[in-house]
Amino acid sequence: MCGIFGYIGSNNSLPYIISGLEKLEYRGYDSAGIAYIKNGEIEIKKVVGKVQDLKNSLDFSTISNIGIGHTRWATHGGITYENAHPHVDCFKNIVLVHNGIIENYKEVKNFLENKGHKFLSQTDTEVSVHLLEFLIEEEKLSLEEAIEEIFRRLEGSFAFLVMDKRRDRELFAIRRQSPLIIGYGKGENFIASDIPALGMYTDTFYFLKDNEFAKVTPEKVEIFHVTGDKSILITINPIKIPQDNIRAEKDGYPHFMLKEIFEQPSVARRIISNLEKYDNIFEIKELKESNIEWDKIQHAFIIACGTSYHAGYFAKFLWESELPFSVDIELASQLYYRSLKIPQNTLFIAISQSGETADVITAVKNLKGKGFKVLSLVNNTQSTIARESDYVIGLKAGVEIGVAATKTFIAQLIWLGLLKDYIKAKVLKENINLDDWNLLPTYLENYLDSVKNLVKNISDKYYLKRNFLYLARGKNYPLALEGALKLKEISYIHAEAVPAGEIKHGPIALLDPDTPVFGLVYKDETYSKMVNNLEEAKARKAPIIAIGNEKDEKLLNLVDDLIPIPNIDPFYYPYLAAIVLQLFAYYMANNLGREIDQPRNLAKSVTVE
């Protein structure tokens, strides 16, 4: 969601903050702002619009050694100048930026208004800075004590950066649930809501944990844990992450999304090469020392949201076809309303590319509270979900900037397939032939090169259509869901994915010459029934696009446009189809001139429920 960046040091803070906000633009936002201390006073610049607009409004000859910046994704209050961050108290002594949601802000606001505080915005955030003011001015607390107190008085999630002009050599970072990361420099330090914003400045980091706050000066970082009625200064160990692993550039591609689609063969190669292989068996390093009793598992339950949910849904079909137990999957936001009746020997799997997905965090905590063990698949192994889980597999997809997930999706599919084989070897004592996995990166690479121009040409034909129906069966249906989601996310074209067997139960009413059907019709167990379903669509004069086997004469005579998959082992078809669906959405959006990496109203990391 919102992006946060802070700087304190001996250099001018403004260029650092703007650069940091530019690196966070992928998170999605509608307004931007910056605050800095100049000549003992707080200066604020805000815009409704892009970071570039904010940049254009600044005088970079202004020297300030401390500052904070923010990109806002609106939750409470409209997209206006007044609602943009940063926010200040009545006397303009304290200024802060915020990511998260204050759930009891109305009660706090009423209390503060009765105390004479004047509010300028409709946000939940502004109550926080006025609460700090009240605690310092009326209750005579120090700033540190006031920060401790807001942990007790505010409900919800928050990541705050706070400056007080009376203490202009200190920057405070505060976390509950929403992420904040400290980057350590020499004579300067940095704070951001995500690591790509820090990668060009440092390779040393501390990921703030829940109920912690940091007092940051140019020379020192102190971390405090708030518990009960006090805070405790704690000793921490910053971690080193090579800059090459966290820096992200377009490398000549017009968009990060396209670059990340073409990085997928490398992601597959990285994952598979990282396995410990012994002839026809292998070991997943992250699980090597785990105490999971694989042979006692009677049930698996997957929780996820969005794209990660589609990967988990695919795994449900894949696992149930080869493992001796059933698999359930639920949207994390729906799990709260379920009254689960499941055995204790259930393996829970949480999937999230960011590891900070609010609904998944809540679900994981609830499951842990009921005594269940949780295995998480996340791209950020320092994330909240990773820390809350008992076992963690890092996706190893690398930094993903495009809001629409691509390489993290393929990484999830691969890991869930590998995990199926891993459990199969543990439970059924079967040897696993890794030849198919070893060849996957090469097939992905070759296929991308061969199919990209065809997919672009087909998108040129259809990009003005306003409605699409995606059809598939079995394990291909989750891929259809993902294809429709990608088209919606970045092109703003309405798309609906339907299990093909359900088309006659309502969706067939939508079909006409202006509603293309996109079918997944390659030669697997779903093929013959899928052909029948496309015949039904053709009879309603709907244009038909299909992913199917090359030289399939039946399909060639049936569909308007065929995107061929090579006649290789069906093992590879879902992975190749995923690439086609991503490319199709990309080229459709590009033809329409959309902001592909930063689609409207969307955020890369959904940190609020």
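Trainee: How many residues sit between β13 and β14 in their hairpin?
Mentor: There are two residues between β13 and β14, and Gly-228 in that turn has a positive phi of about 60°. Helices (H or I, at least four residues) and strands (E, at least two) are DSSP runs, numbered from the N terminus.

Trainee: Before we go on, what sort of model is this?
Mentor: It's a predicted model, in which local features need pLDDT of at least 70 and side-chain atom pairs count only at pLDDT 80 or more, while totals for chains, interfaces and linings use all residues. Residues are numbered from 1 along each chain as its sequence is written, and side-chain values use heavy atoms, with hydrogens and water left out.

Trainee: Thanks! Back to the hairpin: in what sense do β13 and β14 pair?
Mentor: Antiparallel, over five bridges, with β13 covering residues 221–227 and β14 covering residues 230–234. Two strands count as paired if DSSP finds at least two bridges between them.

Trainee: Which residues in β14 are the bridge partners of Val-226 and Ile-223?
Mentor: Val-226 is matched with Ser-231, and Ile-223 with Ile-234.

Trainee: And what sheet do these strands belong to?
Mentor: An open sheet of seven strands, in the order β5-β6-β7-β8-β12-β13-β14, with antiparallel pairing. β5 (87–88) and β14 stand at its edges with a single partner strand each, so one side of each has no neighbour in the sheet.

Trainee: What about the sheet with β10 in it?
Mentor: That one is open too, with eight strands paired antiparallel in the order β3-β2-β4-β1-β10-β9-β11-β15. Its edge strands, β3 (41–48) and β15 (239–240), each pair on one side only. Inside the order, β9 (residues 181–184) meets β10 (residues 188–192) over four antiparallel bridges. Tyr-184 has Asn-189 in β10 as its bridge partner.

Trainee: Zooming out, how many helices and strands does the protein chain have?
Mentor: The protein chain has 17 helices and 27 strands. Its C-alpha atoms fill a box of roughly 80 × 55 × 45 Å along the principal axes.

Trainee: How much of the chain is buried?
Mentor: Of the 609 residues, 61% count as buried. Buried means under 20% relative accessible area, exposed over 50%, and partly exposed in between (1.4 Å probe, protein chains only).

Trainee: Is Glu-330 buried or exposed?
Mentor: Glu-330 counts as buried, because its relative accessibility is 14%. You'll find Glu-330 in strand β19 (residues 326–331).

Trainee: What is Glu-330 in contact with?
Mentor: Leaving aside neighbours within four places in sequence, Glu-330 is in contact (heavy atoms within 4.5 Å) with Phe-301, Ile-302, Ile-303, Ala-304, Tyr-309, Leu-335 and Arg-338. Tyr-309 is 21 residues away along the chain, and its C-alpha atom is 7.8 Å from that of Glu-330.

Trainee: New topic: where should I look for backbone oddities?
Mentor: As a reminder, most residues other than glycine have a negative phi, and most peptide bonds are trans. Here the peptide bond from His-85 to Pro-86 is cis, with omega near 5°, and Pro-86 lies in the loop between β4 (66–72) and β5.

Trainee: What are the phi values of Asn-211 and Lys-541?
Mentor: Asn-211 has a positive phi of about 65° although it is not a glycine, and Lys-541, also not a glycine, has a positive phi of about 65°.

Trainee: Where are they, and how exposed?
Mentor: Asn-211 is in the loop between β11 (204–207) and β12 (212–216), and counts as partly exposed at 26% relative accessibility. Lys-541 is in the loop between α15 (527–539) and β26 (544–549), and counts as exposed at 62% relative accessibility.
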